[in-house]
Amino acid sequence: MKSHIEIQRIEKSKIDSVDFNNLPFGSVFSDHMLECDFKNGAWQTPVIKPYSPITLDPSAKIFHYGQSIFEGMKAYKDAAGKTMLFRPLDNCIRLNKSAERLVIPQIPEAIFMDGLKALLEVDNDWIPTNEGSSLYIRPFMFATGNGFHASPADAYKFVICTAPSGAYFAGKVKVLIEEKYARAANGGVGFAKAGGNYAGQFYPTQLAIEKGYNQVVWTDDNSHQFIEEAGAMNIFVRINDTLITSPTSDRILDGITRKSILQIAEDAGIKTEVRKISVGEVVEAAKNGDLKEMFGAGTAAVISPIAGFGYQEKDYDLPELENPFAAQLKKKITDIQTNKVEDPYGWRVFL
Ligand code: PLP
Ligand code: COI
């Protein structure tokens, strides 16, 4: 059965003020948002309403104890105007894994999926059709229940906002392999998309930006000897013709792009390995020319080639290849996402 959703439409759309040919990432917002409250132990009727501020009690636990989680997904439109999502149920499942870890109530799949589809119908004109642009979707849940007692709140809000968006990174990405700070630790919340994971990254990332890098590549918190993931994407390393990515763990986000890329690469005959990658191995491969490519993979970043990395005060450049794996895989995944080719995996979900 479809969930009942209340719809309150905006009086006048803002869409005419948006330049769809020059879209930034995630800073122009569509007309509507979906809100659904959890109170008295139950989810209430979801409401689609004009995009607007949320008013909270100053003692709402989100402000004090950071009970906040989110997802990132995209909607695309094909040449015939059909709207598609990419593996959306995986986002719903992952949001609920994050919810469990942060003691936030599970969002029913019907509210997530029916709410999202209804919102995309209402704001359908906001889905960009230009090459490289899409509608970035941000579902999130946080504690609205109040009080200074350091314990889980008794009320929550589930919200979905959308933003027509262009590329996440402007150009090629330079990364710094981290030796001191850690993003996540064993037994922690690294696998969850918890807002606090990102807050904790900002300071070390700021230090890296001051040194001329765009992102930090996190290493394991214990030895800092193994590459884990970047701030907003999983990392792939190509050594000769083998594509390697680290296994997921309770420190690493189980990226939907990552697992899709692994599948597409294997089916394209690219040798893949999911195993620990030591920093020493990458540095050695960079020195002897075996390191052919590094790239990040994520919903926002899609596939972002890495131009070079810094480690222990030294910079290593990656070669400029003709037809790199990154470009081949990016084309395959975006062609599937935008309905340009067959989808043998059943990943596309039409509205
Ligand atoms: N790792 C982190 C820390 C992220 O924030 C993201 C983005 O969602 C990813 C990896 C990639 O995950 P996905 O491909 O599911 O977007
Ligand atoms: C995404 O790729 O959707 C993310 O959530 C990364 C985000 C930090 C921009």
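## Ligand contacts and helix packing

A backbone N or O atom of Thr299 lies 3.5 Å from an oxygen atom of ligand 2, a polar contact in the sense of a pair of N or O atoms within 3.5 Å. This is a predicted model, in which local features need pLDDT of at least 70 and side-chain atom pairs count only at pLDDT 80 or more, whereas totals for chains, interfaces and linings use all residues. Residues are numbered from 1 along each chain as its sequence is written, chains are lettered from A and ligands numbered from 1 in the order in which they are written, and side-chain values use heavy atoms, with hydrogens and water left out.

The surroundings of ligand 2, taken as residues with a heavy atom within 4 Å, consist of Phe70, Gly72, Tyr136, Arg138, Tyr168, Lys193, Tyr198, Ala232, Thr299 and Ala300. Ligand 1 is surrounded by 17 residues, of which the closest are Lys193, Tyr198, Glu229, Thr257 and Thr299. Further polar contacts of the two ligands are tabulated here.

| Residue and atom | Ligand atom | Distance |
|---|---|---|
| Lys193, polar side-chain atom | ligand 2, oxygen | 2.6 Å |
| Ala300, polar backbone atom | ligand 2, oxygen | 2.8 Å |
| Arg94, polar side-chain atom | ligand 1, oxygen | 2.8 Å |
| Tyr198, side-chain N or O atom | ligand 1, oxygen | 2.5 Å |
| Glu229, polar side-chain atom | ligand 1, nitrogen | 2.5 Å |

Thr257, one of the closest residues to ligand 1, also takes part in a contact between helices, these being DSSP runs of H or I with at least four residues, numbered from the N terminus. The axes of H5 (residues 256-267) and H7 (residues 325-337), fitted to C-alpha atoms over the stretch in contact, with angles running from 0 to 180 degrees between N-to-C directions, come within 10 Å and cross at roughly 110°. The two helices H5 and H7 are therefore roughly perpendicular, a class that spans 65 to 115 degrees. With contact meaning heavy atoms within 4.5 Å, Thr257, Ser260, Ile261, Ile264 and Ala265 of H5 meet Leu329, Lys332, Ile333 and Ile336 of H7.

A second pair is formed by H2 (residues 88-101) and H3 (residues 109-122), which pack at about 135° with their axes 10 Å apart. Helix H2 is therefore oblique to H3, oblique being what remains outside under 35 degrees, over 145 and 65 to 115. On the H2 side the contact is made by Pro88, Leu89, Asn91, Cys92 and Leu95, and on the H3 side by Glu109, Phe112 and Met113.

Key:
A polar contact is a pair of N or O atoms within 3.5 Å; within protein, one must be able to donate a hydrogen and the other to accept it, and residues adjacent in sequence count only if both atoms are side-chain atoms.
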